[in-house]
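The following note is offered to a colleague who has the structure at hand. It proceeds point by point.

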Amino acid sequence: MRILALALLMILFCGCMEQPQEVAENNQSGTSPHRENISTLQAPAPVDSGMGCEYGNPGCGDEYECRGNRCVLKQGCEFSYPRCPRGYSCENNSCIFIQDEGHPGCYYDDSLCGDREFCVNNNCVESAIKEHPGCGFNEVLVEGECTDASYTIHFVSNGLTSEEFDELVGNSVAAFVYHTPLVKCPEKLRVHKSFQPCREGNSFLAGGTENVTVYLYNRSETFTECSIASHHLVSISVEDMETAAATSVHELGHSLGLWDQYCYWPVPENPNPVDFEKAGCSLLEEGDCMFSYCSNPDRLPEGTAPHKCIGNSNYLGGVTVMGLRADPSRVYSSHPKFGFTESGYEYVAEKITCN
Ligand SMILES: [Zn+2]
């Protein structure tokens, strides 16, 4: 057996907006989502008369309004992200609970899916995880024969319960398959799972040279120090189960070569460029929490001003999986509008084929 000397730890740092504190908590009780009434102050109260936004100094911009001579973030879901939690829609600047009538599907009613099903794009789908006895690490058993897998993913858990790990892997795989050509050949996906492999030591070497390792961790009581060596590693801090599957699909998009769309990197190597006019882009300024990530000198050509973007729309009208983790269509894989852009899908389809 070939010893893997691959200590290539490629942790994709995805910036402050990938794990935002402002993700609304799931709220199915019908009470007002807590994001609705948050205001933040942009500028301190002016001391001297003649200063402040009432005098046009400073101007407040589109997202803020001038109140009491201060720039205050406009209130309501049209001005907050995510606009509304799961099951709500933003209408007339308020989060309104979507009644089941006229909105059938598991995104609106998660009791619709069976025990072994996951809600993906508002549809109940089964997980594609299967056993492949006797086959190699990157092989699948199809019609009694071991053949090359189209893609291999190795999930590693740290700090999750075994139930959480199973649930999250199942959901992530269901969503990933649904949004790639694997939906036509789910039997060609090979999935490996290692639950808490660092319990007995403090390092773990993931197998295979072609696979991607998805490291799911939660700094709970059961979290142990664990350094992972893998051909290609992506890490996900699991803060809540409902949103982590969408982040898995985002990170798997990275594993296939896609770049984030919430930063604008106008370089020829970018496989996933934004449509600058349509992607909700704005200039980044120093002090913005995205500034250091989006102005990564390895990618941003010298002399180019860094921008942040929401991301292009996908064919369903939501924000692309590679876009800003803010809109519900990007946060929840169960959302009816979750998905890659068409060009993103085409790029993925070159890497994963059913052949
Ligand atoms: Zn990312």
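1. Are H1 and H2 parallel, perpendicular or oblique to each other? In this predicted model, helix H1 (residues 162-178) and helix H2 (residues 241-255) pack with their axes 9 Å apart and at an angle of about 50 degrees. Angles from 65 to 115 degrees would count as roughly perpendicular and those under 35 as roughly parallel; H1 and H2 are therefore oblique to each other. The crossing in which H1 passes H2 is right-handed.

2. The residues that form this contact can be listed for both helices. On the H1 side they are Glu-164, Glu-167, Leu-168, Asn-171, Ser-172, Ala-175 and Phe-176. H2 contributes Met-241, Ala-244, Ala-245, Ser-248, Val-249 and Leu-252. By character, the residues of the contact of H1 with H2 comprise 8 nonpolar, 3 polar and 2 charged.

3. The next point concerns the sheet. Its 4 strands follow the order S10-S9-S12-S14, the pairing is parallel and the sheet is open. Strand S10 (189-195) and strand S14 (233-237) are the edge strands, each pairing on one side only. On average, and with direction ignored, neighbouring strands of this sheet are turned by 20 degrees against each other.

4. At one edge of the sheet, strand S12 (residues 212-217) and S14 run parallel and are joined by 5 bridges. Among the residues involved, Val-214 has Val-234 in S14 as its bridge partner.

5. Both helices also meet strands of the sheet. H1 packs on the sheet and touches strand S9 (151-158), S10 and S12, and its direction makes about 160 degrees with that of S10. H2 lies across S12 and S14, and runs at about 160 degrees to S14.

6. Val-234 merits separate comment. This residue belongs to strand S14. Is Val-234 buried or exposed? A residue counts as buried if 20 or more other C-beta atoms lie within 10 Å of its own; Val-234 has 23 within that distance and is therefore buried. His-254 stands 20 residues from Val-234 in sequence, while their C-alpha atoms are 8.3 Å apart in space.

7. Finally, some totals for the protein as a whole. The secondary structure consists of 5 helices and 17 strands. Of the 355 residues, 40% are buried. Among contacts between residues at least 6 apart in sequence, 58% join residues at least 24 apart.

Note on methods. Residues are numbered from 1 along each chain as its sequence is written. This is a predicted model: local features need pLDDT of at least 70, side-chain atom pairs count only at pLDDT 80 or more; totals for chains, interfaces and linings use all residues. Axes are lines fitted to C-alpha atoms, for helices over the stretch in contact, and angles run from 0 to 180 degrees between N-to-C directions. Helices (H or I, at least four residues) and strands (E, at least two) are DSSP runs, numbered from the N terminus. Angles under 35 degrees count as roughly parallel, over 145 as roughly antiparallel, 65 to 115 as roughly perpendicular and the rest as oblique. A crossing is left-handed if the near helix is turned anticlockwise from the far one by less than a right angle, and right-handed if clockwise. Two residues are in contact if their C-beta atoms, placed from the backbone, lie within 7 Å. Ala, Val, Leu, Ile, Met, Phe, Trp, Tyr, Cys and Pro count as nonpolar, Asp, Glu, Lys and Arg as charged, and the others, Gly among them, as polar. Two strands pair if DSSP finds at least two bridges between them. A residue is buried if 20 or more other C-beta atoms lie within 10 Å of its own, exposed if 12 or fewer, and partly exposed in between; C-beta atoms are placed from the backbone.
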